[in-house]
Each structure stands twice: as C-alpha cells, then as structure tokens.
Amino acid sequence: MKIWRTWRRNGYTVVMRDFDGDLKVFDIIGDDGVTIDTIYPATIVDMLSIIIDLDNGACVDGWENGNGSTIRI
C-alpha cells in the first residue's frame, strides 16, 4: 500500500493511499494508531476537492465518508 500524502490534525492524521487506479482513499487514523474511518471519494473531482480542503486545514469531523456514514472524531 503506497502512502501518497498525510495531513496532521489535533488528535488524528489523514493518510491518502492507493485504492482504485488514480482514485485514492483517505484513512483517518487516531493518535493511538487505530483507524477511525476511511473516506471513499466517488470521483477524481471529489478526491481533488478533499485534497484542497485538507491542504487548507479543514477538519474531517462531520464529513460524509462515501459509504453513507458521518465521520466523528
């Protein structure tokens, strides 16, 4: 599994990793090393939007994970 990028937040880290060709997923990993949730973007455009938001410092708490659930940190 290739890790493409990481974003550090207070209490967790978001890790972008391989998923399906050019489409990547974003694992949310707590400071304890346990995966809290994974964001599955539906399209490349959605993926790029997530990257922009994370680059701008966004917190993922309250985001949809792409599987019908809301992320809670």
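Is Asp 18 buried, partly exposed or exposed? Hi everyone, let's start there. At 31% relative accessibility, Asp 18 counts as partly exposed, because it falls between the 20% limit for buried and the 50% limit for exposed. Please keep in mind that this is a predicted model.

Now for the partner of Asp 18. The side chains of Asp 18 and Lys 24 form a salt bridge, at 3.4 Å from N to O. Lys 24 sits in strand β3, and this lysine is buried, with a relative accessible area of 8%. So the pair joins a partly exposed aspartate to a buried lysine. The Lys 24 side chain also reaches the backbone oxygen of Gly 21, at 3.1 Å.

What else surrounds Lys 24? If we skip the neighbours within four places in sequence, Lys 24 is in contact with Trp 4, Met 16, Arg 17, Asp 18, Phe 19, Pro 41 and Met 47.

On to the other charged pairs. By the rule used here, there are four salt bridges. One of them joins Asp 55 to Arg 5, with the closest N and O atoms 2.6 Å apart. That bridge links distant parts of the chain: Asp 55 belongs to helix α1 and Arg 5 to strand β1, residues 3-9, with their positions 50 residues apart in the numbering. Both ends are partly exposed: Asp 55 has a relative accessible area of 43%, and Arg 5 has 34%.

Another bridge runs from Arg 8 to Asp 31, where the closest N and O atoms are 2.8 Å apart. It, too, links distant parts of the chain, 23 residues apart, with Arg 8 in strand β1 and Asp 31 in the loop between β3 and β4. Here Arg 8 and Asp 31 are both exposed.

Let's finish with the nonpolar side. The largest nonpolar core has 15 residues, and those with the most contacts inside it are Val 14, Phe 26, Ile 39, Leu 54 and Val 60. The elements giving two or more residues to this core are β2 (12-20), β3 (23-30) and α1 (44-55). Which of the elements gives the most to this core? That is α1, with four residues.

Val 14 makes a nice place to zoom in. Setting aside neighbours within four places in sequence, Val 14 is in contact with eight listed partners, among them Phe 26, Leu 54 and Val 60 from the core, and also Arg 5. That is the same Arg 5 that bridges to Asp 55. Thanks for listening!

Notes
Residues numbered from 1 in each chain as written. Predicted model: local features only at pLDDT ≥ 70, side-chain atom pairs only at ≥ 80, totals over all residues. Heavy atoms only, no water. Core = buried A, V, L, I, M, F, W, Y, C linked by side-chain atoms within 4.5 Å. Buried < 20%, exposed > 50% of the residue type's maximum accessible area, 1.4 Å probe, protein only. Contact = heavy atoms within 4.5 Å. Polar contact = N/O pair within 3.5 Å; in protein donor to acceptor, adjacent residues only side chain to side chain.
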